[in-house]
Amino acid sequence: MSRIFSGIQSTGNLHLGNYLGAVRNWVQLQHDYECLFCVVDLHAITQWQNPADLKASTREVAAAMIASGVDAKKHIIFNQSQVSGHAELAWVFNCVARLGWLNRMTQFKDKAGKNRENASVGLYAYPNLMAADILLYKATHVPVGEDQKQHLELTRDIAAKFNNDYGVDFFPLPEPMILGTATRVMSLKDGTKKMSKSDPSELSRITMTDDADTIAKKIRKAKSDPDLLPDSEKGLEDRPEAANLLGIYAALSDTPLDDTIAKFAGEGFGTFKQHLADLAVAKLGPIQGEMTRLMDDPAYVDGVLKDGAERARALSEPIMAEIKDIVGFLNV
Ligand code: TYM
């Protein structure tokens, strides 16, 4: 059986990178897989969150999933803290993963920055919890953006070491699915930096709650360069902003990058940005409208999460019971 697990942190507004790198692919994949989509609030607190904001953001991320087209009846949308198996299995994996493995994680280095001594232990052990998320359901496929690739390699290492240490063939080695033309959407203000929630500049990212005027303004103000757009992919070398904006157009319009380049070859940024803004508004506007409607009905969103958590618990409890038995925890 093929089962998908993927997650998003509830640390603020979702942005275009989250949508193109993850959620949009989930909407396609849900036709062919059994899926669990998780708002990872345990991961969110690896860096301090205002409690009221965390609750609001958890609802908002769930609303974004529903508004984007995830079918919450057929599949499972839930928040991680409601299923205790995630934390329990993460502890087991804290004892399986090696310090040397975690020391190599580039995301920890980026997030901890210069002040490593002051980073939370949770931030360091973050990838073990992510492995637990996936393996608690024996998920086989994990659709994510490119930045999660290293964490998924670690997940496979943990699964293999657990199987080996305990002499079992218990966990599958999950496959990353890094799909589409926008697996790494870059900042609108600097084409060499990843679009991220933590960038202090609002103009660096388009969020799922931006209205049409804001989306158009952010695209108009996006960094560009003085040259006309090229007629081949080779012409995008050393032009990170042009590459990023054309990549976003290709992804939003569901056309290959080559065709997008051909369409705008020889145009200036002014004309191209107008087309991109129209496209982004046409694609994101309806999702934003639906999100606003859902945010006005928090009881509905909470109901979806509650139902999802119950179903996630039902799937994970027998697997966690087997894990405890394999590890040797006495069941009294
Ligand atoms: P998070 O919350 O940072 O991002 C959620 C998803 O969005 C993708 N993404 C991007 N894709 C393209 N361009 C970008 N600029 C961009 N920024 C983010 C991410 O790759 C991700 O797919 N650790 C994960 C959450 C997580 C998880 C899991 C994912 C926890 N447990 C288990 C998969 C399976 C994270 O922080 O994603």
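**Cysteines and cavities in a predicted model**

Modeller: In this predicted model, a search of the whole structure finds zero disulfides.

Colleague: Why does Cys38 form no bond with the closest cysteine sulfur?

Modeller: A disulfide needs two cysteine sulfur atoms within 2.5 Å. The sulfur of Cys38 is 13 Å from the closest one, in Cys35, so the two are too far apart for a bond.

Colleague: Why is Cys38 called buried?

Modeller: Buried means under 20% relative accessible area. Cys38 has 0% relative accessibility, so Cys38 counts as buried.

Colleague: What makes Cys95 partly exposed?

Modeller: Partly exposed lies between under 20%, which is buried, and over 50%, which is exposed. Cys95 has 47% relative accessibility, and therefore counts as partly exposed.

Colleague: How many cavities of 30 Å³ or more does the structure hold?

Modeller: There are two. The largest holds about 70 Å³ of space, and the second largest has a volume of about 30 Å³.

Colleague: Which helix gives the largest share of the lining of the largest cavity?

Modeller: Helix H7 does, with four residues. Helices H6 (106–112) and H7 (121–135) are the elements that give two or more residues to that lining. Among the lining residues are Phe108, Tyr124 and Lys111. By class, the lining has seven nonpolar, two polar and one charged residues.

Colleague: What lines the second largest cavity?

Modeller: Its lining is made of Thr207, Met208, Asp210, Ile215, Leu284, Ile287 and Gln288. Helix H12 (residues 269–295) gives the largest share, three residues.

Colleague: What makes one residue in that lining count as charged?

Modeller: Asp counts as charged, and the lining includes Asp210. The other classes there are four nonpolar and two polar residues.

Technical notes
Residues are numbered from 1 along each chain as its sequence is written. This is a predicted model: local features need pLDDT of at least 70, side-chain atom pairs count only at pLDDT 80 or more; totals for chains, interfaces and linings use all residues. Side-chain values use heavy atoms; hydrogens and water are left out. Buried means under 20% relative accessible area, exposed over 50%, partly exposed in between (1.4 Å probe, protein chains only). On a 1 Å grid over the protein atoms alone, a cavity is a set of points where a 1.4 Å probe fits but cannot get out, and a pocket is an open set with protein on both sides within 12 Å along at least five of seven lines; lining residues have an atom within 4 Å of a point. Grid points are joined across faces, edges and corners, and a volume is the space filled by probe spheres set on the points.
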